[in-house]
Amino acid sequence: MSQDKKYNAVTTEYQALDAAHHLHPFTNTGALNKKGARVITHAEGVYLWDSEGQKMLDGMAGLWCVNMGYGRKELVEAATQQMEKLAFYNTFFQTSHMPAAELAQEIASVTPGDLNHIFFANSGSEAIDTIIRMVRQYWCIEGKPYKNILIARENAYHGSTVAGASLGGMSGMHKQGAPGVGGIERIRQPYWYGEAGDMSEEEFGIACAKALEEKILQVGPDNVAAFVGEPIQGAGGVIVPPANYWAEIQKICDKYDILLAADEVICGFGRTGSWFGSQTLGIKPDIMSMAKGLSSGYLPISAVAVGDRIANALIAHNEDFNHGFTYSGHPAAAAVALANIKLMKEENIVDYVANDIGPYFQQKLRETLADHPLVGHIEGIGLVAGIALVKDKETKEFFPGDLDIGYICREHCFNNGLIMRAVGSRMVLSPPLVITREEVDELCEKALHCFNLTLKSVS
Ligand SMILES: Cc1ncc(COP(=O)(O)O)c(C=O)c1O
């Protein structure tokens with residue numbers, strides 16, 4: 001049997017299994033079943049292979065998570081050794097174990113400010129649920145149970161549990177599985193390129209922060225528990241806010257005694273050239289969620305880093321906090337996260353993103369793609385970027401909604417050895433942090449080729 005036939009047979013077999021039994025997340029399953037899923041078989045460094053033998057440069061680090069790249073033996077060994085020693089024990093019964101205790105300390109060593117107390121969960125969504133419950137409980141302990149409204153932003157992504165979907169600003173998610181969780185308000189997103197009209201970045205930054213103040217005054221400062229935001233919106237299309245935005249938000253939260261929660265699920269662990277996006281953008285959060293890059297995606301684990309103000313109130317309050325998950329601080333996942341942070345430190349990866357590969361990536365992207373007729377705007381920091389595809393560069397006219405330009409472009413990328421994600425008409429990139437300059441060059445060349453193919457498809 002020729003190599004191609006062998007691959008085809010494997011592909012068909014797994015596509016059939018998948019179509020018969022597997023319901024995929026965020027997917028039109030009927031349409032996928034007709035087409036057949038791409039079957040990913042193995043990976044190394046920044047590359048993935050599918051069952052047809054196609055090699056692809058993973059411009060998305062899996063799903064914004066495989067920060068230290070694929071095939072890291074150190075992480076595999078950490079999991080194996082921990083599973084042999086203690087595969088599982090919980091942290092409910094007044095018990096702890098070494099990986100959870102050590103990881104809590106290790107995370108506290110890299111979080112900014114006084115975010116010294118760590119609560120473990122398994123996914124970004126669970127971390128967000130934890131934040132919602134914890135800040136509301138905090139205000140109850142403070143004798144203000146009515147201070148329970150959370151303010152988030154349109155087009156924010158905070159996960160897919162009922163609470164995460166309710167908090168996020170994705171209208172497509174609100175429509176499904178309704179009703180959601182109550183006590184949530186939303187304000188506009190700081191998307192300068194798409195929504196500022198004639199305003200300068202600075203004017204727009206102030207206007208978007210002012211929207212928070214207006215909302216607080218509308219619902220009453222005494223009723224607002226916290227403002228929640230991603231330092232840079234990721235799944236919303238990589239929206240980098242104007243430089244003055246977060247400082248204004250911070251001032252408003254301080255003025256009305258509103259807790260500030262940073263959702264660092266994408267920005268955390270080096271993505272923006274600091275350990276956390278909050279450090280890059282000058283935010284001082286009271287509480288912070290993290291997941292993905294915490295273990296480079298090798299095992300599911302997430303955490304909430306809690307500042308002294310909230311943690312001390314919880315600790316002093318003589319009552320159980322009735323929240324947690326069977327796998328909170330799972331030993332194997334914690335051991336992998338520990339090994340991952342150790343690896344990040346040994347390889348100076350945060351410095352590499354800040355001072356070497358991040359600036360190189362941002363510059364190379366602009367050099368290669370900024371003049372392309374489809375590219376309206378490129379924004380990003382470190383190793384995360386969003387590219388707006390437009391019909392008319394000069395007038396910033398977007399393609400009509402029924403022409404799914406992002407999907408067309410994403411398909412060309414997949415078929416030409418590059419994984420890039422489409423968010424509506426925005427193409428987003430978030431490659432592994434270990435990517436080299438040569439690999440960035442390859443990524444940009446492939447992207448240019450695929451943008452040319454996309455232009456042809458719509459001309
Ligand atoms: C900012 C942010 N918060 C929360 C989540 C939810 O994480 P998970 O998919 O692990 O539940 C995501 C996922 O992409 C995210 O980007």
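User: Hi! Before we dig in, where do the domain bounds come from?
Analyst: Domain bounds here come from an automatic or database domain assignment. That divides the protein into domain 1 (38–68 + 348–458) and domain 2 (73–346).

User: And what should I know about the model and numbering?
Analyst: This is a predicted model, where local features need pLDDT of at least 70, side-chain atom pairs count only at pLDDT 80 or more, and totals for chains, interfaces and linings use all residues. Residues are numbered from 1 along each chain as its sequence is written, and side-chain values use heavy atoms, with hydrogens and water left out.

User: Cool. Which residues are around the ligand?
Analyst: Counting residues with a heavy atom within 4 Å of the ligand, they include Ser123, Tyr157, His158, Glu230, Asp263 and Lys292.

User: What does Asp263 do there, distance-wise?
Analyst: One of its polar side-chain atoms lies 2.7 Å from a ligand nitrogen atom. For Lys292, a polar side-chain atom lies 3.0 Å from a ligand oxygen atom, and a backbone N or O atom of Gly124 lies 2.8 Å from a ligand oxygen atom.

User: How much of the ligand does the protein bury?
Analyst: The protein buries 84% of the 390 Å² that the ligand exposes when taken alone (Shrake-Rupley method, 1.4 Å probe).

User: Switching topic: how many salt bridges are there between domain 1 and domain 2?
Analyst: Zero, taking a salt bridge as a side-chain nitrogen of Lys or Arg within 4 Å of a carboxyl oxygen of Asp or Glu.

User: Then how far apart are the domain centres?
Analyst: Over C-alpha atoms, the centres of domain 1 and domain 2 are 26 Å apart. The contact (heavy atoms within 4.5 Å) takes 33 residues from domain 1 and 31 residues from domain 2.

Conventions:
Polar contact = N/O pair within 3.5 Å; in protein donor to acceptor, adjacent residues only side chain to side chain.
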